[in-house]
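Got your viewer open? Load the model, switch to cartoon, and keep the selection box handy.

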Amino acid sequence: MRVKFTPSRSAVWQATGAPLIGASDEFTSEAGQRGVATVINPDQAGFIDEAGNAVRNWTIRAVVEYILDGRLIADAAKVFTLTSTDTTMDLDTVIPVTSSAGVTVAIPDTWSIRVIAAEGAALAAAQALANLPAAMSSELDKPASPFTTKLSNTYVTFLNHDGSPVTGKHVVITLTADQADIADITVEAI
């Protein structure tokens, strides 16, 4: 894997006069190894443009090339920026932004919003699962509930002498001691 990082603008580090000319920094990682690179964080004071104006918050374009046996087999590009609090980042999960020509870039924190939403959904699902036995039991006590109706329809239908469905009662079938036969059938109110 070979990665090239290119800033979206030219700038000079004011303290030393060293240029950041839009040239790429490049690193290569070996197969099966995680690649680690250091890039200049654009969200810091100290860079100026050709006219001496302070510049910051430009974007960085990362081009990742996947190489197998010396041949380029795939590549991908991502444009991103960093904030002053970013000390490390994962190129796979960084939030991409639209490329800029060195203007200030606002970075919506959509990743945190997605994480919070996913955590909320997971918590709601866990609570629903924890409440499932009580909810099912409650539904079983209601003869007209969709759950009870579906359960009754799945196994057996009890009918009154006139052919109408049995409601408000349940049928109790008692087996013999050896469970080989039916000892008794009774009807009880719910």
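Here is a short tour of a predicted model, stop by stop.

**Stop one: a glutamate in a strand.** Select residues 60–68, which form strand β6, and pick out Glu 65 within that strand. Is Glu 65 buried or exposed? Its relative accessibility is 12%, so Glu 65 counts as buried, the cut-off for that being under 20%. Now show side chains and add Arg 2: the side chains of Glu 65 and Arg 2 are joined by a polar contact of 2.7 Å. To fill in the surroundings, select Met 1, Lys 4, Leu 72, Ala 74 and Asp 75 as well; along with Arg 2, they are what Glu 65 touches once neighbours within four places in sequence are set aside.

**Stop two: the largest pocket.** Select Phe 5, Gly 35, Met 89, Asp 90 and Leu 91, the lining residues that lie nearest the centre of the largest pocket. The whole lining runs to 25 residues, and the pocket's volume is about 680 Å³. Colour the lining by type and you should get 15 nonpolar, five polar and five charged residues. Strand β6 turns up again here: β6, β1 (2–7) and β7 (71–80) each give the lining at least two residues.

**Stop three: two loops.** Follow the chain into the loop between β6 and β7 and select Asp 69. Asp 69 is not a glycine, yet its phi is positive, about 50°. With a relative accessible area of 71%, Asp 69 is exposed.

Last, jump to Gln 179, in the loop between β8 (169–175) and β9 (182–189). Gln 179 is another non-glycine with a positive phi, about 60°, and Gln 179 is exposed at 62% relative accessible area.

Methods. Residues numbered from 1 in each chain as written. Predicted model: local features only at pLDDT ≥ 70, side-chain atom pairs only at ≥ 80, totals over all residues. Heavy atoms only, no water. Helix = DSSP H or I, 4+ residues; strand = E, 2+ residues; numbered from the N terminus. Buried < 20%, exposed > 50% of the residue type's maximum accessible area, 1.4 Å probe, protein only. Polar contact = N/O pair within 3.5 Å; in protein donor to acceptor, adjacent residues only side chain to side chain. Contact = heavy atoms within 4.5 Å. 1 Å grid on protein atoms, 1.4 Å probe; cavity = no way out; pocket = protein on both sides within 12 Å on 5 of 7 lines; lining within 4 Å. Points joined across faces, edges and corners; volume = space filled by probe spheres on them. Nonpolar A, V, L, I, M, F, W, Y, C, P; charged D, E, K, R; others polar.
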